[in-house]
Amino acid sequence: MSAAGHALAIRGLTKRYGDFTAVDDVSLEVGQGEFLTLLGPSGSGKTTILMAVAGFVAPSAGSILLDGRDITPLPPEKRNFGMVFQGYALFPHMSVADNVAFPLRVRGLGRADRDAKVRAALDLVQLGQFAGRLPRQLSGGQQQRVALARALVFDPSLLLLDEPLSALDKKLRAELQEELKALHRRVGRTFINVTHDQDEALSLSDRIAILNHGKLIQSGAPGELYERPRTRFVADFLGKSNFIEGSVASSDAGGFVLAAGPERIAVRGQGAPEGTRRLLSLRPEKIVLLGEGAGADNVVEGRLLAWSYLGADFALRVATPGLGEIRAVLPAWQAAFAPAEGLPIRLGWSADAAVPVEDDAP
Amino acid sequence: MDGIHPPGPAARGLAWATALYLLLPILIIVPVALTDQRYLSLPQDGISFQHFRTVLASPEWLGSIWQSFTIAVAATILSVVAGTLCAIGCWRISRRATELVRVLMLLPLIIPSIVYAIGLYRYFGPLGLLDRFAGVVIAHGVTGIPYVVITVSTALAAFDPRLEQAARGMGASLSQTLRWVILPRIAPGIFSGAIFAFIHSWDELVMVLFIASRDVFTLPRRIWDGINENLDPAMAAVAVLLVLFTTLLLMVDRALRRRSEG
């Protein structure tokens, strides 16, 4: 299969069902060969956007462009997009080979060409020896790979994936995530994936678009979204976060100091007008445990409230007089102390660790 | 499983009585058909196959069997095509109006066939369809539609609509989707409907009494006339053949269903 990525542009996409707005003025660009994930909780409109791109949902407003050409009015069968459905939607009465041959058959391809392409597609997903089986004779992971082969065999302009891994157990999911990523690199096509699983989104995507209540909240590379969440929702949905609210006590070119209760929190970055309210997002893994006498840009003292040992990590909940409850996660091998309720704890973090976010949560 | 006890003697007895009540009237014709007497009676000095021989050698009986068969086949084709298209149409559009269409399609089942037959008689006269092969095929075909609509709708209810989306998404036109995806999935439902529509036409008497007289003389009609005119045990022999044939069709239906489930 040749590398032939196509670019997709979604412009002002809106979908209303009566009074309910499922998708609200979403604009997105997907570059050639890019792996984009639409991430959001259920009801965020991510599947509606995918279905509109596939052509199964007619937008109430806005347009969808493929390489600059408006494809909004085209029915799904004219769009030449591959799609992997939730639950795979394999044809149960056809063998694996016939399933994969289906898109070629509807295009009137001759038997010889068809057989060669089906074999190549099944080899691509390492299922060559299962060609004669029926879908129900395969495991969930194998069915998922058949669905992928079927969606890729006809050289589609785009591959659309609707929660492709949600039906699999955790271990298999991790395995197929890697396979999917490798497949994306191999075929060099543009993939659009829908999921509510933040880990899947982070590990697979070149870019993530986070949606909530039908609106696009933020889009960007996984690391960018994780490190610089624009809003409280993004910080909370993508990973875990502590939130610290306060007012700006002082500010200069190198950052500002936030007064949160009795504490003074140094934040490096842009300055902020004195006296304005600011909300900070602080990732639990950026907090370190400070021994006696050790220092950090920000130091907060508190008492241990609860803890969980997670093998690799050690998660703490610490009650602080100034900032309320703070969650911290540290590598378990660094937690060289015997946890006990009420144990005095000193937490510290650098001035880079906390980032200001917009407060969009209700 | 808890809560399931073996049935007591009373329940057992009732179940057997019900089964016998259903089966005996059908089974009684078997000894009657094998009678050695010249009138409708139980065998007295031994069994005899003479009445089967009479039926299978009689041009009238054979003619009626053939006529009934061809009418049933043609009527079944009509029922299956119209019923399947109607069920698929209602399923795809799936609005409140289609519920009305479904109920309308069931009317021939709900209305007593004698009422239907009177109506047909009034219409078929001016149309020149009385006592015609086509007339009986239309009457039986239309009244057989409900069986097909019911069985195909049931099959469609179990059909995963994502399969249709998948087919369309991969570039299949509506007719390709219908031929390669929808029809193979609902084929068992269509077969079931076809068998019921066939049986419906095969043993239908009331309408035939109204809209056919001499040229079209179906098997049930000949049995009916035979009973009215003479009590020839040949009728019992025909009835046995009829029951065997119907049972065979039902067994085919069951086998097909089991295969589609397995």
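These legends go with several close-up views of a predicted model.

Local features here need pLDDT of at least 70 and side-chain atom pairs count only at pLDDT 80 or more, while totals for chains, interfaces and linings use all residues. Residues are numbered from 1 along each chain as its sequence is written, and chains are lettered from A and ligands numbered from 1 in the order in which they are written.

**View 1. Strand β3 of chain A, residues 35–39, is mostly covered.** Five of its five residues are buried, meaning that 20 or more other C-beta atoms, placed from the backbone, lie within 10 Å of a residue's own (exposed is 12 or fewer, partly exposed in between). Helices (H or I, at least four residues) and strands (E, at least two) are DSSP runs, numbered from the N terminus. In a regular strand the side chains alternate between the two faces of the sheet. Here A:F35, A:T37 and A:L39 point one way, A:L36 and A:L38 point the other, and all are buried.

**View 2. β3(A) pairs with β8(A) and with β9(A).** Pairing takes at least two bridges found by DSSP between two strands. With β8(A), residues 190–195, there are five bridges in the parallel sense, and A:L36 has A:I192 as its bridge partner there. On to β9(A), residues 207–212: four bridges join this strand to β3(A), again parallel, and A:L39 stands opposite A:I210.

**View 3. A:I192 sits in strand β8 of chain A.** This isoleucine counts as buried because it has 26 C-beta neighbours inside 10 Å. Leaving out residues up to four places away in sequence, A:I192 touches A:V30, A:L36, A:L38, A:L50, A:V53, A:L158, A:L160 and A:L161; a contact means C-beta atoms, placed from the backbone, within 7 Å. A:L38 is 154 residues away along the chain, yet its C-alpha atom and that of A:I192 are separated by 7.4 Å.

**View 4. Two domains are assigned in chain A.** Domain 1 covers 8–236 and domain 2 covers 240–357, with bounds from an automatic or database domain assignment. Their C-alpha centres lie 39 Å apart. Seven residues of domain 1 are in contact with six residues of domain 2. On the domain 1 side, that makes two nonpolar, one polar and four charged residues. Nonpolar covers Ala, Val, Leu, Ile, Met, Phe, Trp, Tyr, Cys and Pro; charged covers Asp, Glu, Lys and Arg; the others, Gly among them, are polar.

**View 5. Chain B meets chain A through 15 residues of B and 17 residues of A.** On the B side, α8 (161–169) and α9 (174–202) are the elements that give two or more residues. The largest share, six residues, comes from α8(B). By class, this side of chain B has six nonpolar, five polar and four charged residues. As for the rest of chain B, the count is twelve helices and zero strands, and 34% of its 262 residues are buried.

**View 6. Two loop residues, A:A89 and B:D131, have a positive phi.** Most residues other than glycine have a negative phi. A:A89, at about 50°, lies in the loop between β6 (81–84) and α2 (96–106) of chain A. A:A89 is buried, with 24 other C-beta atoms within 10 Å. B:D131, near 55°, lies in the loop between α6 (113–127) and α7 (133–157) of chain B. With 16 C-beta neighbours inside 10 Å, B:D131 counts as partly exposed.

Definitions and conventions. Two residues are in contact if their C-beta atoms, placed from the backbone, lie within 7 Å.
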